[in-house]
Amino acid sequence: MGTYRMGDDPKTSVVDSWLRSHDHPNLYLVGSGTFPTVGTANPTLTLSALALRTADRIVEVLPSFE
């Protein structure tokens, strides 16, 4: 946890708010690394919400193959 930062500025963060890498546009880092610190509560629900949100975004931005 806390190994890569989420933010809008590529100079101070690794991923954007969709957990997409600033340096590699096809790389999504979905995990607890975006958490700034380790808390005392179980992060499972937050991680699940971030993963589902990111999955929805990937579906939105992928070209349609119909």
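**Exercise 1. Charges and overall form**

How many positive and how many negative side chains does the protein chain have, and how far apart do the centres of the two sets lie?

*Solution.* The model is a predicted one. Counting the charged side chains gives 5 positive and 7 negative. The centres of these two sets lie 6 Å apart. For the overall form, the C-alpha trace spans about 45 × 30 × 15 Å along its principal axes. The secondary structure amounts to one helix and zero strands. The accessible surface comes to about 5,000 Å², and carbon and sulfur atoms hold 57% of that surface. Of the 66 residues, 21% count as buried.

**Exercise 2. Thr34 and the nonpolar core**

Determine whether Thr34 is buried or exposed, and relate its contacts to the largest nonpolar core.

*Solution.* Begin with position: Thr34 belongs to the segment before α1, the helix of residues 44-61. Next, take the relative accessible area of Thr34, which is 9%. Buried means under 20%, so Thr34 is buried. Then list its contacts beyond four places in sequence: Tyr4, Met6, Val15, Leu19 and Leu50. Finally, consult the core, which consists of five residues, namely Tyr4, Val15, Leu19, Phe35 and Leu50. Tyr4, Val15, Leu19 and Leu50 therefore appear both among the contacts of Thr34 and in the core. As a general background, nonpolar side chains tend to be buried together in soluble globular proteins.

**Exercise 3. The backbone and surroundings of Leu19**

State what is notable about the phi angle of Leu19, and describe the surroundings of this residue.

*Solution.* Leu19 is found in the segment before α1. Its phi is near 70 degrees, a positive value in a residue other than glycine. Most residues other than glycine have a negative phi. The relative accessibility of Leu19 is 0%, so the residue counts as buried. Beyond four places in sequence, Leu19 is in contact with Met6, Leu27, Tyr28, Leu29, Val30, Thr34, Leu50 and Thr54.

**Exercise 4. The polar contacts of Ser13**

Identify the polar atoms that approach the side chain of Ser13.

*Solution.* Ser13 also lies in the segment before α1. With a relative accessible area of 8%, Ser13 is buried. On the backbone side, the oxygen of Asp9 lies 2.7 Å from a polar atom of the Ser13 side chain. On the side-chain side, a polar contact of 2.9 Å joins Ser13 and His22. His22 is also one of the residues that Ser13 touches beyond four places in sequence, together with Arg5, Met6, Gly7 and Asp8.

**Exercise 5. Val30 and Gly2**

Classify Val30 and Gly2 by accessibility, and find which residues each one touches.

*Solution.* Take Val30, in the segment before α1. At 43% relative accessibility, Val30 counts as partly exposed. Its contacts beyond four places in sequence are Tyr4, Leu19, Ala51 and Thr54. The C-alpha atoms of Val30 and Leu52 are 9.6 Å apart, with their positions 22 residues apart in sequence.

Turn now to Gly2, which lies in the segment before α1. Its relative accessibility is 37%, so Gly2 counts as partly exposed. Gly2 is in contact with Ser32, Gly33, Phe35 and Pro36, its neighbours within four places left aside. From Gly2 to Gly31, 29 residues apart along the chain, the C-alpha separation is 9.7 Å.

How values were computed. Residues numbered from 1 in each chain as written. Predicted model: local features only at pLDDT ≥ 70, side-chain atom pairs only at ≥ 80, totals over all residues. Heavy atoms only, no water. Helix = DSSP H or I, 4+ residues; strand = E, 2+ residues; numbered from the N terminus. Buried < 20%, exposed > 50% of the residue type's maximum accessible area, 1.4 Å probe, protein only. Contact = heavy atoms within 4.5 Å. Core = buried A, V, L, I, M, F, W, Y, C linked by side-chain atoms within 4.5 Å. Areas by Shrake-Rupley, 256 points an atom, 1.4 Å probe, with all protein chains shown as cover. Lys, Arg positive; Asp, Glu negative; His and termini not counted. Charge placed at Lys NZ, Arg CZ, Asp CG, Glu CD. Polar contact = N/O pair within 3.5 Å; in protein donor to acceptor, adjacent residues only side chain to side chain.
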